[in-house]
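Biologist: Could you take one part of this fold and walk me through it closely, strand by strand? Start with the surface as a whole if that helps, then zoom in.

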Amino acid sequence: MDRFFYIANWKMNVTIKESEDFFKDFLSLYISSPNKEVVFCPSFTTLPSAIKSYSDIDKISFGAQNVSNIDSGAYTGEISANMLSDLQVQYCIVGHSERRQNYNESNKLINQKLKILINNNIVPILCVGESLGERDLNQSDKVISSQLSECLCDIEKTNIIVAYEPVWAIGSGKSASVEDISNMNNLIRNCMNKLGYINDQFYILYGGSVGIDNLLSIKEASLLDGFLIGGASLQASTFWKIIDK
Ligand code: PGA
């Protein structure tokens, strides 16, 4: 794999004004080494101005954090993939554990979202991950395999990013070990191959409490194509230190 992604998941943080301050600081640092591939996933309200101002910078692109599973129509409050592509959004996170847990998103719903994204030429960032209880019962492999096979059922084989995000590692300050990440990356690769993906069609990221202190050890994990970063992407200088390491 020749690409290595740093994807910032800003979650329900960062207003338009705050994003302008962020980018002012971030770009003054980024300019020193502009060859890192960075994808920002801000809120829907911040996306338009951020895309307008910064998407022509080489290797910086933008993603959404959610999309409707329906194409269009009377679905108050929803945002369609067509609307995202209208904004020139290139990526979209789906299956994040916060949406699975807080909004009861099932693998079936995630599958519908993936199909709609692919139809609109938006690259999905599909999150998979086991809970602490599942990990304690040694069910991590089973959970990840079934999340992948159910979410990717009958999906056209185009480029996709899979982010392994153990639920217990998100926002907890406790990341998975490099051995666990390597093992899971191998399992993800095997599952993807079984589902009909060739190796050049997917990238595997790790997410869950990635920060300056654990970055270098996690980077040693096999088959790793990048990071999905929440908390540590909110401050320009911290996020830059991670990217620049
Ligand atoms: P975190 O979040 O880096 O704050 O753990 C990662 C994510 O939820 O994508």
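Modeller: The accessible surface of the protein comes to about 11500 Å², and carbon and sulfur atoms own 48% of that. Keep in mind that this is a predicted model. On the inside, buried residues account for 50% of the 245 residues. As for charge, there are 21 positive and 28 negative ones, and their mean positions sit 1 Å apart.

Now the overall build. The protein has ten helices and eight strands. Its radius of gyration is 17 Å, close to the 18 Å that the globule rule gives for 245 residues, so it is as compact as a globular protein of that length. Along its principal axes, the C-alpha trace spans about 45 × 45 × 30 Å. The contacts reach far along the chain, too: taking those between residues at least 6 apart in sequence, 73% join residues at least 24 apart.

The part I'd zoom in on is strand β8, residues 226-229. What covers its two faces, you might ask? Well, both faces are covered. G226 and L228 point to one side, F227 and I229 to the other, and all of them are buried, with a relative accessible area under 20%.

Then look at who pairs with β8. One partner is strand β1, residues 5-9, which runs parallel to β8 and is joined to it over four bridges. If you want a spot to start from on that edge, find F5, which stands opposite G226 in β8. The other partner to look at is strand β7, residues 202-207, again parallel to β8, this time with two bridges. Here the residue to click on is G207, which stands opposite L228 in β8. Put the two pairings together and G226 faces F5 of the β1 side, while L228 faces G207 of the β7 side; both G226 and L228 belong to one and the same buried side of β8.

For contrast, a couple of backbone oddities in the loops. Most residues other than glycine have a negative phi. Q88 goes against that with a positive phi of about 70 degrees, though it is not a glycine. You'll find Q88 in the loop between α3 (81-86) and β4 (91-94), and Q88 is exposed, with a relative accessible area of 56%. N104 is another non-glycine with a positive phi, near 55 degrees. N104 is in the loop between α4 (97-102) and α5 (107-119), and at 66% relative accessibility N104 counts as exposed as well. So while the residues of β8 are buried, Q88 is exposed, and N104 is exposed.

Notes
Residues numbered from 1 in each chain as written. Predicted model: local features only at pLDDT ≥ 70, side-chain atom pairs only at ≥ 80, totals over all residues. Heavy atoms only, no water. Buried < 20%, exposed > 50% of the residue type's maximum accessible area, 1.4 Å probe, protein only. Pairing = 2+ DSSP bridges. Rg over C-alpha atoms; globule rule 2.2 N^0.38 Å. Contact = heavy atoms within 4.5 Å. Areas by Shrake-Rupley, 256 points an atom, 1.4 Å probe, with all protein chains shown as cover. Lys, Arg positive; Asp, Glu negative; His and termini not counted. Charge placed at Lys NZ, Arg CZ, Asp CG, Glu CD.
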